[in-house]
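Work through the exercises below with the sequence and the model at hand. Try each task before reading its solution.

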Amino acid sequence: INDSSNDRISTCTFELPNVQDWMLDILRIRADIHVMLFDGDTTEHFGGRIVANPVSWRGHSPIMTIEAEDYTATADDYQVNQSYRDKYVHEIVYEMWTEFYEDEIEFDIQPSTMKIPIISFNYETLFDAMETLAEQVGWTWFIDWDGSKKTLRFFSPETNVFPQRLGWGERNVLEDGFEFGEDYEMFNALYLFGGEAESLPITEKDVADGERYVFSFAYEPTDITVLVNGVEQRIGIENIHNFDEDDVDCLVNHREKALRFPEDSPPVNGAIIEKIYRYRYPVVTYIEDVASIERYGKIVKEIREPNITDIAFAQERARYLIREHSTPRIYGKMNVRNVHGLRAGHVVEVYLPNIGVEGFFEVMEVQKVALAKRINVSISVNKIENPETEIARKLKEFAKRIRELEKKDIDENTVVHRYHQGFENLLISENISLESRTPGVSFFDDARFSFADFA
């Protein structure tokens, strides 16, 4: 049994000798399979579905090799098409699973203090959507099988500390096969590309000359209100509505950012045309860790997370990512004995002072091989540098399985929110006045200013 939090899905492989005809029908692809592993005084359960069942001939009888994935993989069978606004992560998880997961399941979802302003899933698999949410808070999730029912477990690693220490004096780490080192994969400067955010309402004004019947928006508009001398106009969509057949006063062409009135009856000379609308803009932020750059040199990374549609949330996400990846991470693997009940997602204390390894590690993978009279257990771990804020490793290149999105061209209107990761105490003695500014333009034909200005 290979239990992993890297690719999230655990697997089980075993062989059945002397295969009979009736077995071939029962042990079919996608059939449910339940396995019990007796480990010391504990009984561990594996529940999932068969994904491969090749039959080979050895000696005088056929042998079937069963490969199965645990029930976590069933989340890949369902798609999520929903947006969630101003909800805590655990609320989104519960609503998403109760709406889109069609199998019978129970829930063990730990409350989260992180509230997401808005997140959208456009026909993404439930597995991928769950990975996205887990990465926001750095938690672990899987579908557990206890021998009788399935349970969705979603929890913080810090609340899942294994009670037994591994290492020196405990006589539970075998000298043969342990290895520790530093992961070379790191970055200390990050561009985080999110999705698109929606602006606050902006107002643009034009003064009619009695002849002009086409007016422009500065940005591609959404949620539009048009006033002529304070009177709200009935709005249609160009190429869908027309002035002859529909009861509209003006037409909007969103792509061309144009507002059109009837050519034969434009707004009268001197009329004030107000266009109140919102627009969407790309969420892009940049952060770097100066101390890490001074020590290791600058290493730039680009990450795309299109589900992030709030700039403040993107900045928090970027801060977390740079904190977790700006220094080399200690990793290791070892063979253990007399350690029962350990599984991926646990946090465990490792004490091997003879090789300079001490601290708390997150268990990334547990492999258990049942032999004739014993069970060999090997584990892979990652060092936790910040135990209070540690979350599961992000951007799992192989396992996260989020569909690749085509990179969009970035034009001159794209604004990168740039800031540095620093740790200094500030003493402010001056009086501060706050001024509210709305991104966009104040009046048409006036100079634009950027979406945001940062010092």
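The exercises that follow deal with strand pairing. The model is predicted, and local features need pLDDT of at least 70, side-chain atom pairs count only at pLDDT 80 or more, while totals for chains, interfaces and linings use all residues. Residues are numbered from 1 along each chain as its sequence is written, and side-chain values use heavy atoms, with hydrogens and water left out.

**Exercise 1.** Find the strands that pair with E26 and give the sense of each pairing.

Solution. Helices (H or I, at least four residues) and strands (E, at least two) are DSSP runs, numbered from the N terminus. Two strands pair if DSSP finds at least two bridges between them.
- Step 1: Strand E1 (residues 2-4) runs antiparallel to strand E26 (residues 357-370), joined by three bridges. Asp3 has Val366 of E26 as its bridge partner.
- Step 2: Strand E25 (residues 347-352) also pairs with E26, in the antiparallel sense, over six bridges. Here Tyr351 lies opposite Glu358 of E26.
- Step 3: Four residues separate E25 from E26 in a hairpin, and Gly356 in the turn has a positive phi of about 75°.

**Exercise 2.** What is the strand order in the open sheet of four strands, and which strands stand at the edges?

Solution.
- Step 1: The order is E16-E21-E20-E19, with mixed pairing.
- Step 2: Strands E16 (214-216) and E19 (235-237) stand at the edges; each has a single partner strand, so one side of each lacks a neighbour in the sheet.
- Step 3: From one strand to the next, the twist averages 30° (axes are lines fitted to C-alpha atoms, for helices over the stretch in contact, and angles run from 0 to 180 degrees between N-to-C directions).
- Step 4: E19 pairs with strand E20 (residues 250-253) in the parallel sense, over three bridges. Ile237 is opposite Val252 in E20.
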